[in-house]
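Me: Please take a close look at one part of this structure, the ligand site. Walk me through the surroundings and how they relate to the overall fold.

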Amino acid sequence: PLFRGLSRAYSTAPLDIGFVFDIDGVLIRGGKSLPHALPALQLLERLKVPYILLTNGGGKSELTRVRDLSARIGTQLHPAQIVQSHTPCKALVNDPQFERVLVIGGRGNEAREVALQYGFKEALTPIDAVRANGSIYPFHSYTEEQLEDIAMHPSESHLYGGSAKPISAILVFSDPRDFGTATQISMDLLNSEEGYFGTKRGNAQLVGNATPSIPIIFSNNDFLWANEYPVLRFGQGAFRITMEALYREMNKAELQSTILGKPFKVSYDYAHHVLIDWSRRLGSEIQPETQVLPQLNVAPVQSPFKKVYMVGDNPESDILGANNYGWESLLLRTGVFRDEDWDSIVAKPTGGVFDHVEEAVRFAL
Ligand code: G3P
Ligand code: MG
């Protein structure tokens with residue numbers, strides 16, 4: 001009855017509100033759709049209220065990710081409706097600093113494929129370095145078959161010898177699938193001679209130097225996340241902490257890096273542009289390829305929204321970021337947050353705590 005009442009009430013005038021949903025712990029948990037995800041999204045679709053997804057997850061292309069989510073949830077999502085942790089990296093593809101990048105995360109060749117699809121000219125992965133010289137990390141977990149099938153042939157990767165070319169930056173797209181290999185190889189490059197494998201910069205540039213030899217971008221900072229396991233799992237933030245600890249040990253300095261994703265403004269600006277773009281194409285004839293890609297750290301000049309609701313499960317990412325950005329925030333009990341954490345959470349939701357996503361959407365409406 002509430003659904004029908006809302007439909008009638010808003011059927012004549014468009015709403016000047018929008019929704020931004022976190023994915024893990026809000027719509028999905030442990031790979032499965034949460035029971036209230038579909039009715040919540042269907043309600044907004046029926047009311048023509050624009051919504052996008054803003055996740056700190058990644059490792060797949062936006063198209064692959066929405067196809068997968070659409071099948072799981074049972075609705076039809078569009079690739080222009082999602083911002084993954086690494087989506088803002090699209091803004092870097094024409095920057096010469098990011099011409100030949102090492103990408104970390106994803107299964108198999110997924111991270112490389114995402115980077116190439118974004119438009120990065122050359123994208124290498126840790127497995128390429130293992131194939132070129134296995135002694136770089138003798139404890140790696142890749143099989144001979146994987147090295148053959150997934151890794152670039154050394155004659156194409158150009159990591160050693162006369163044809164060696166440097167890596168110009170490291171992009172951590174999602175949690176490393178082989179943590180040990182990614183750690184060793186990334187640290188090697190951060191203290192290399194200008195990004196060349198098998199080199200180490202001299203002590204004069206190493207000790208006390210917070211600036212690594214090549215830049216590193218972590219696409220999210222989540223220390224913990226919720227899957228089907230009874231206890232929260234380490235996320236990409238744990239990889240950042242590991243890298244920082246090793247860098248401190250080696251360099252006696254704090255590693256300089258860039259961190260994207262929630263709760264940082266850079267990702268909320270990006271998502272805000274995407275939400276505006278999506279609201280403009282709702283009900284219009286605009287074709288998917290006309291999506292205007294935002295630049296990094298550029299806030300929208302104008303927003304059609306009086307209120308944007310961020311629905312999340314993680315106070316440290318979703319809620320903190322939304323509150324700092326001036327959006328309304330709705331916290332759910334279906335993921336990271338537990339009621340007993342209330343007194344210690346870093347950010348309290350402006351709109352309250354809800355049992356599930358549909359309850360939060362109905363409250364906001
Ligand atoms: O950091 C893990 C990632 O899966 C969290 O995703 O959708 O909750 O931002 P999300
Ligand atoms: Mg979440």
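Reply: A polar contact here is a pair of N or O atoms within 3.5 Å. Thr55 gives one such case: a polar side-chain atom of this residue lies 2.6 Å from an oxygen atom of ligand 1. Keep in mind that the model is predicted.

Asp24 also points a polar side-chain atom at the ligand, 2.5 Å from an oxygen atom of ligand 1. Asn56 takes part through its backbone instead. A polar backbone atom of Asn56 is 2.7 Å from an oxygen atom of ligand 1. Taken alone, ligand 1 exposes 310 Å², and the protein buries 93% of that area.

Now the full shell. Asp22, Ile23 and Asp24 belong to it, as do Thr55, Asn56 and Gly57. Asn220, Asp222, Trp225 and Lys262 complete the set around ligand 1. By character, the shell splits into four charged, four polar and two nonpolar residues. The space that ligand 1 takes up is the largest pocket.

Next, the wider setting. The protein is divided into two parts: domain 1 (14–85 + 263–364) and domain 2 (89–259). Domain 1 is thus written as two segments, 14–85 and 263–364. The shell around ligand 1 draws on both, with at least three residues from each of domain 1 and domain 2. The C-alpha centres of domain 1 and domain 2 lie 29 Å apart. The domains also touch: 22 residues of domain 1 are in contact with 24 residues of domain 2.

Note on methods:
Residues are numbered from 1 along each chain as its sequence is written. Chains are lettered from A and ligands numbered from 1 in the order in which they are written. This is a predicted model: local features need pLDDT of at least 70, side-chain atom pairs count only at pLDDT 80 or more; totals for chains, interfaces and linings use all residues. Side-chain values use heavy atoms; hydrogens and water are left out. A residue is near a molecule or strand if one of its heavy atoms lies within 4 Å of it. A polar contact is a pair of N or O atoms within 3.5 Å; within protein, one must be able to donate a hydrogen and the other to accept it, and residues adjacent in sequence count only if both atoms are side-chain atoms. Accessible areas come from the Shrake-Rupley method with a 1.4 Å probe; for residues, only the protein chains shown count as cover. On a 1 Å grid over the protein atoms alone, a cavity is a set of points where a 1.4 Å probe fits but cannot get out, and a pocket is an open set with protein on both sides within 12 Å along at least five of seven lines; lining residues have an atom within 4 Å of a point. A molecule sits in a cavity or pocket if more than half of its atoms lie within 2 Å of its grid points. Ala, Val, Leu, Ile, Met, Phe, Trp, Tyr, Cys and Pro count as nonpolar, Asp, Glu, Lys and Arg as charged, and the others, Gly among them, as polar. Domain bounds come from an automatic or database domain assignment. Contact means heavy atoms within 4.5 Å.
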